[in-house]
Amino acid sequence: MRRKGAFLLEDFDMAKAKISSQKILVLITRSDSRCEYCGQPFCQTSRLAAFSVDHATPRARGGTNDTSNLMAACMSCNMSKGTKTIEEYRELMRTRKAFFTDQQYDLLSQHGVKLPEELKPQPHKFYFELKRTPDRGSR
């Protein structure tokens, strides 16, 4: 009997995505069952993120279904990333968290307005970058 809210590999529509179950298991293992962008854990209860597969380089821009180009992603991150590259998505996430854009912060500073450094847009790191350690290597 299936536990309510349990994540099963069969739940992912592999035929639609044309991504093998073996590749999906690689993604889930590599990501520690978390979204590789925001770090949200995947579907153990209904409150957690639904699993999807994202292409780091979108297929619309020449990306492949190779595991080096695939990312385990929650639906929210996958939908907001859309056909953006990782760097385009990083810039979007960086500016979403900022109170001022780089240009606004610089313009105010040029006019003598002193703002706290924390109001300036900061670099954005994704979960897959934060979990890297020297002994684990990249992704």
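At 0% relative accessibility, Glu36 counts as buried. The model is a predicted one, and this glutamate is a convenient place to enter it. Glu36 forms a salt bridge with Arg30, and the closest N and O atoms of the pair are 2.8 Å apart. Arg30 is buried as well, with a relative accessible area of 13%. A search of the whole structure finds five salt bridges, and the pair of Glu36 and Arg30 is one of them.

Arg30 leads back into helix 2, which covers residues 21–30. Within this helix Ile24, Leu27, Ile28 and Arg30 are buried. Seen down the helix axis, these buried residues fall within an arc of 165°, so they line one face of helix 2. An α-helix has 3.6 residues a turn, so residues three or four places apart point the same way. On the other side of helix 2, Gln22 and Thr29 are exposed. The helix is followed by Asp32, whose phi is positive, near 55°.

Salt bridges also occur further along the chain. Arg90 forms one with Glu87, the closest N and O atoms being 3.0 Å apart. Both residues lie in helix 4 (residues 86–97), three residues apart, or about one turn of the helix. Arg90 counts as buried, at 15% relative accessibility. Arg90 has another partner in Glu129, and here the closest N and O atoms are 2.8 Å apart. Glu129 lies in helix 6 (residues 127–130) and Arg90 in helix 4, so this pair ties together parts that are 39 residues apart in sequence. Glu129 is buried, and so is Arg90. Glu87, Arg90 and Glu129 are thus linked in a network of salt bridges.

Another charged residue to inspect is Lys81, whose place is in helix 3 (residues 75–81). Lys81 is buried, with a relative accessible area of 0%. What joins the side chains of Lys81 and Asp54? The two are joined by a polar contact of 3.2 Å. A polar atom of the Lys81 side chain also lies 3.3 Å from the backbone oxygen of Ala56. Leaving aside neighbours within four places in sequence, Lys81 is in contact with Tyr37, Asp54, His55, Ala56, Pro58, Ile86 and Tyr89. Asp54 and Ala56, the partners in the polar pairs, therefore appear in this list beside residues such as Tyr37 and Tyr89.

The cysteines come last. How many disulfides does the structure hold? The count is zero. A disulfide is a covalent bond between the sulfur atoms of two cysteines. The cut-off used here places the two sulfur atoms within 2.5 Å. The cysteine sulfur closest to that of Cys38 belongs to Cys35, at 3.8 Å, which is too far for a bond. For Cys77 the closest cysteine sulfur is in Cys74, at 3.6 Å, again too far for a bond. As for their surroundings, Cys38 is partly exposed, with a relative accessible area of 44%, whereas Cys77 counts as buried at 7% relative accessibility.

Definitions and conventions: Residues numbered from 1 in each chain as written. Predicted model: local features only at pLDDT ≥ 70, side-chain atom pairs only at ≥ 80, totals over all residues. Heavy atoms only, no water. Buried < 20%, exposed > 50% of the residue type's maximum accessible area, 1.4 Å probe, protein only. Helix = DSSP H or I, 4+ residues; strand = E, 2+ residues; numbered from the N terminus. Arc of directions from axis to C-beta. Polar contact = N/O pair within 3.5 Å; in protein donor to acceptor, adjacent residues only side chain to side chain. Contact = heavy atoms within 4.5 Å. Salt bridge = Lys/Arg side-chain N within 4 Å of Asp/Glu carboxyl O.
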